[in-house]
Amino acid sequence: MLGAAVIATYFARFAVKTNIFSEMLNDRTQGQDQIPEWVVTLLSLPATPVGDWGSAMGNASSKLVYTPVWIPQLAMSIGAILLAVALWDTLYRTIITGKNPIVSEGVE
């Protein structure tokens, strides 16, 4: 369990770093998938100071833009973080209680 938790944490760290790097490079898809510009602005609001949210959304248009690569990568990063948290939680429960909380179920 310790090995799985460490590996998942390592993977989650680099998944998040990939998101940051992709956003920094303004990496865009090359296919035919386009989304409205206001969706990109809405998803990037957490990285914007709260006082600038109104002007950011006011400047966003309904024009279609190529999808930034960091948007689909968000789901992968969130999933990797949740996996790492779940594995660390299971490891701590195993250490504290002395019993693994993951049990197999037999088909009845």
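Trainee: What do the buried residues of α4 pack against?

Mentor: In this predicted model, the buried residues of α4 pack against α1, β1 and α2, the last of these covering residues 37-43. The buried residues of α4 are Trp70, Ile71, Gln73, Ser77, Ala80, Ala84, Leu87, Thr90 and Leu91.

Trainee: Why is Gln73 called buried?

Mentor: The relative accessibility of Gln73 is 16%. Buried means under 20%, so Gln73 meets the criterion. Gln73 is found in helix α4.

Trainee: Which residues does Gln73 touch, leaving aside those up to four places away in sequence?

Mentor: Gln73 touches Thr18, Asn19 and Ser22. By contact is meant heavy atoms within 4.5 Å. As for Val6, the C-alpha atoms of Gln73 and Val6 are 21 Å apart in space, and the two residues are 67 apart in sequence.

Trainee: How do you know that the span of α4 is close to the expected one?

Mentor: Helix α4 has 28 residues, and the expected span at 1.5 Å a residue is 40 Å. From its first C-alpha to its last, α4 reaches 40 Å, close to that expectation. The helix is followed by Gly98, which has a positive phi near 80°.

Trainee: What makes Trp88 and Tyr92 an aromatic pair, and why is the pair called tilted?

Mentor: By the rule applied here, the count of aromatic pairs is two. In the pair formed by Trp88 and Tyr92, the ring centres are 6.1 Å apart and the planes make an angle of 35°. Ring centres must lie within 6.5 Å, so the distance qualifies. Stacked requires planes under 30 degrees apart and edge-to-face over 60; the angle of 35° satisfies neither, and the pair is therefore tilted.

Trainee: Why are Trp88 and Tyr92 separated by about one helical turn?

Mentor: They are separated by about one helical turn because they are four residues apart in helix α4, which covers residues 70-97. An α-helix has 3.6 residues a turn, so residues three or four places apart point the same way.

Trainee: Why are Trp88 and Tyr92 each classed as partly exposed?

Mentor: Trp88 has a relative accessibility of 26%, and Tyr92 has a relative accessible area of 49%. Partly exposed lies between the 20% limit for buried and the 50% limit for exposed, so both residues belong to that class.

Trainee: What makes the charged end of Arg13 sit over the ring of Phe14?

Mentor: The charged end of Arg13 is 4.9 Å from the centre of the Phe14 ring. The distance limit is 6 Å, so this part of the criterion is met. The criterion also asks for a position within 35 degrees of the ring normal, and the charged end of Arg13 is assigned as sitting over the ring.

Trainee: What is notable about phi of Asn26, and where does Asn26 lie?

Mentor: Phi of Asn26 is near 55°, a positive value in a residue other than glycine. Most residues other than glycine have a negative phi. Asn26 lies in the loop between α1 (2-24) and β1 (34-36). At 48% relative accessibility, Asn26 falls between the 20% and 50% limits and therefore counts as partly exposed.

Trainee: How does the radius of gyration of the protein chain stand against the value for a compact globule?

Mentor: The protein chain has a radius of gyration of 20 Å, whereas a compact globule of 108 residues would have one near 13 Å. Buried residues make up 24% of the 108 residues. The chain has four helices and two strands, in the order α-β-α-α-β-α from the N terminus on.

Terms used
Residues numbered from 1 in each chain as written. Predicted model: local features only at pLDDT ≥ 70, side-chain atom pairs only at ≥ 80, totals over all residues. Heavy atoms only, no water. Phe/Tyr/Trp six-rings, centres within 6.5 Å; stacked < 30°, edge-to-face > 60°. Buried < 20%, exposed > 50% of the residue type's maximum accessible area, 1.4 Å probe, protein only. Rg over C-alpha atoms; globule rule 2.2 N^0.38 Å. Expected span 1.5 Å × (residues − 1).
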